[in-house]
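Visitor: I would like a close look at a single part of this structure. Please pick one helix and show me how it fits into the rest.

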Amino acid sequence: MSEAAFGTIAQGEPEIRGRVSEPRPIWQAPLLPLGIASIFVGTMVLNDVTAEIRVLLVLVGIAAGYLGLDAVCQRRWGAGFDTSAWLSGFWLVLIGLSAILVQWLPLPESKLVKNALRETPRLRPDLFSGHPLGTNDQGLDILGGVMWGARTSLIISLGAVAIGLVIGGIIGITAGYFRGALDSGVGILADSMLAFPPLILLVAMATVFEQNQWTMALELSLLGIPTYIRLSRANTLTFAQREFVLAAKAMGSDNRRVIFRELMPNVALPMVSYAFLITAVLIVAEASLSFLGVGIKPPEPTWGNMIESGQDGFNFRDHPHMVFVPGIVMFMTVFALNRVGDKARERWDPREAQI
Amino acid sequence: MLRVIGSKLIRLVPVLFLVSLATFFLVDLIPGDPAANLLGAEGDIDDLEAIRKSLGLHKPITERYGDWLSGAVTGDLGDSLRPPHQPVSDLLQSRAGPTLRLSAMALGMSFSISLFLGVWSAHAAGNRADRMVSGTMFAFISVPTFLAGLVFIFFFVFRESVPRWIWVILVGLVVLRLLYLTVSRWWEDRRDLSGWAGYAVAALVVAGLLFWVFVQWPDFPRTASHRYDDNWREQLRSLFLPALALALSEIAVFTRLLRADMLSTLQEQFVLSSRAKGMPTWRILFRDALRPSSFSLITIAGITLGRLIGGTVIIESIFGLEGLGKLIVAHGVIPKDYTVVQGGVLVLAVGYVLLNAIIDISYQYLDPRIRRGRV
């Protein structure tokens, strides 16, 4: 939710990275088809068995399939191959594609209750039916809701990150380059912005602004700006002492040229690599607001308000898929962003590379 | 030393000023006239003027900010606008208890769990166990708190046999491992009592714990009520799930931090000499290496406490806890009672700033490099 969370994800794995590990033994490769078979059996063959056994089969299938895939990939591309990071990347591409393509897909109604009156409410997920991920208590399709939710989440969080990146980046670079009174003033500003408990601040702002995708992106960018100010300032400090900046100054560049032509291209890359981690945090923040009922409101499905609509009383006890399906999608997206962000930061943050 | 502390304190003043300014003007932006809002649709136009006067809304905004700030400094945050018109400071005081207890419990849980996980995975760095712990911790960081709360409600309240058997399986595996170690050490050299007896005792203790928890498994309530204020057992039981949900991501953060610090400590010469002297592993880990590695953990634990106090709003509303966050949302934001919002946000933000400053200053005392310099 805040600085500390980014910081510790950013701690990374400094120590045993140099060590060459053995690839996973190839005899584990048959686990891949076995796992897929188990998922297959769990999702479609045993339709009459209780839900618990099917869920267990799917979970075991996923674990076994992952081990098998890992063995195959490490055999093919060497022991350094990071299967989970690649899978995370694929998941992000999938989420991105579904956010872009959802409006052209022939999905059952997932927004307006009046168009879903003929649908059976509370259908369990069944991958080979008209509602692959089931329906909610009003008969709205959950797969469609999840995909529309992906679009809302991505628009809001990526928009907020972009605003934060530009504003925070410019402020941070300027402060880190000029130092002095400007720097300490910016530091105080960033400190005061970080002083507010993030969720409380967002909730308070939700009362001020009409909530839609664009205002929410603006509000959430307030969480990203102080972090980006600190990041870009710290990176600027390391770059401003380098020889190429000195050379540019010696050749008579003015400050604006040094900032935009020398510092900005160097600082931009590590900042963009942090964008994954910050996007993950903002997705959670957006979902939390929608969950509390002060974000995007129901006819427009989001992960947060889908979870909220399924979490009360008997619905939750007897039909948990209304909470778990959007919940798992959100968890996987956040996990994938953290995983990919960790890799990106390791690769592109110069402060990390020096260690 | 004093100069460092002094400069940090001086830096606090503008931060606190900006925080108060932002709090006041943010709430002032709420669309609509607070007085009209308060009066409702059926009010009289004359009453409107009276209410505006009594709230001081006829004064210019700078003057109102001055009044509010001077009140806030003396602990008077005004009265809530909705009936019953209580002083906001009283409201905040009465709601601080559950939030503080919840945050402290979450902090304690994450601290104690991550202590063992961090030390153990640093000891077993690179092993399969360590990789499993690291992977799990990565997953924990990615679980949003409210989702964790709902998952715990589902499994601990609606499907209570699932966590019970997960407990049996996980701890049972630990017992089996300890038994295996006992037998294999005993097989190696049965006269060397110190070799295997420790493992045997540990296996017995863990098995006892496994059995005791399984038998005593409590019914966790869906909503954590504060009715049991006097009964600490009831309170522990009702706060367990919300605290665990809050602790989940902190466990991951602490474990990763402790593991990284511990790994670098274990490379040090004094650990090598301890090993060479033949000290038992647990003693090296917990007596020698833990203390120098726990420094950044303690720092971040303090920051976390501040963050938790402000961040419990969603957990409070899931579990129906009457805490500070819920007060601000349910009594301030939703009915647009702006004195409650102003007071609550100000208290939380100022508390967070002060806590951070205290940690920052105590850092000066705790840092072993500075301490060494003084001796």
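Guide: What follows starts at one helix, α6 of chain A, and works outward from there.

A word of caution comes before the tour. This is a predicted model.

Take the helix itself. Helix α6 of chain A covers residues 180-195, which is 16 residues. From its first C-alpha to its last, α6(A) reaches 23 Å. That is close to the 22 Å expected at 1.5 Å a residue.

Now step back to the residue before it. Arg179(A) sits in the loop between α5 (142-178) and α6 of chain A. Its backbone is worth a look. Arg179(A) has a positive phi of about 55°, although it is not a glycine. Most residues other than glycine have a negative phi. Is Arg179(A) buried or exposed? Neither label fits: Arg179(A) is partly exposed, because 13 other C-beta atoms lie within 10 Å. A residue needs 20 or more to count as buried, and 12 or fewer to count as exposed.

Return to α6(A). Which of its residues are buried? They are Val186(A), Ala190(A), Asp191(A), Ser192(A), Met193(A), Leu194(A) and Ala195(A). For the chain as a whole, buried residues make up 45% of the 355 residues in chain A.

Next, see what surrounds the helix. Chain A has 14 helices and 0 strands. Its C-alpha trace spans about 75 × 55 × 35 Å along the principal axes. Consider the contacts in chain A with a separation of 6 or more. Of these, 72% join residues 24 or more positions apart.

Then there is the partner chain. Chain B has 17 helices and 0 strands. Where the two chains touch, chain A brings 40 residues and chain B brings 48 residues. α6 is one of the elements of chain A that each supply at least two residues to this side. The others are α1 (3-9), α7 (198-208), α10 (255-292), α12 (313-318) and α13 (321-348). On the side of chain A that touches chain B, 27 residues are nonpolar, 9 are polar and 4 are charged.

The nonpolar core comes next. In soluble globular proteins, nonpolar side chains tend to be buried together. Here the largest nonpolar core has 150 residues. Those with the most contacts inside this core include Ile200(A), Val203(A) and Ala204(A), along with Ile328(B), Val345(B) and Ala349(B). Leu282(A) belongs to that group too. α10(A) gives the most to this core, with 19 residues.

So much for the core; what about α10(A) itself? α10(A) has 38 residues, but its end C-alpha atoms are only 47 Å apart. A straight helix would reach 56 Å at 1.5 Å a residue. Where does α10(A) bend? The bend is at Met264(A) and comes to about 50°. A proline, Pro265(A), follows within four residues. Just after α10(A), Gly293(A) takes a positive phi of about 85°.

Finish with Leu282(A). Leave aside its neighbours within four places in sequence. Leu282(A) is then in contact with Ser157(A), Ala160(A), Val161(A), Leu220(A), Leu223(A) and Gly224(A).

Key
Residues numbered from 1 in each chain as written. Chains lettered and ligands numbered in written order. Predicted model: local features only at pLDDT ≥ 70, side-chain atom pairs only at ≥ 80, totals over all residues. Expected span 1.5 Å × (residues − 1). Contact = placed C-beta atoms within 7 Å. Nonpolar A, V, L, I, M, F, W, Y, C, P; charged D, E, K, R; others polar. Core = buried A, V, L, I, M, F, W, Y, C linked by C-beta atoms within 7 Å. Bend = angle between axes of the 7 residues up to and from the residue.
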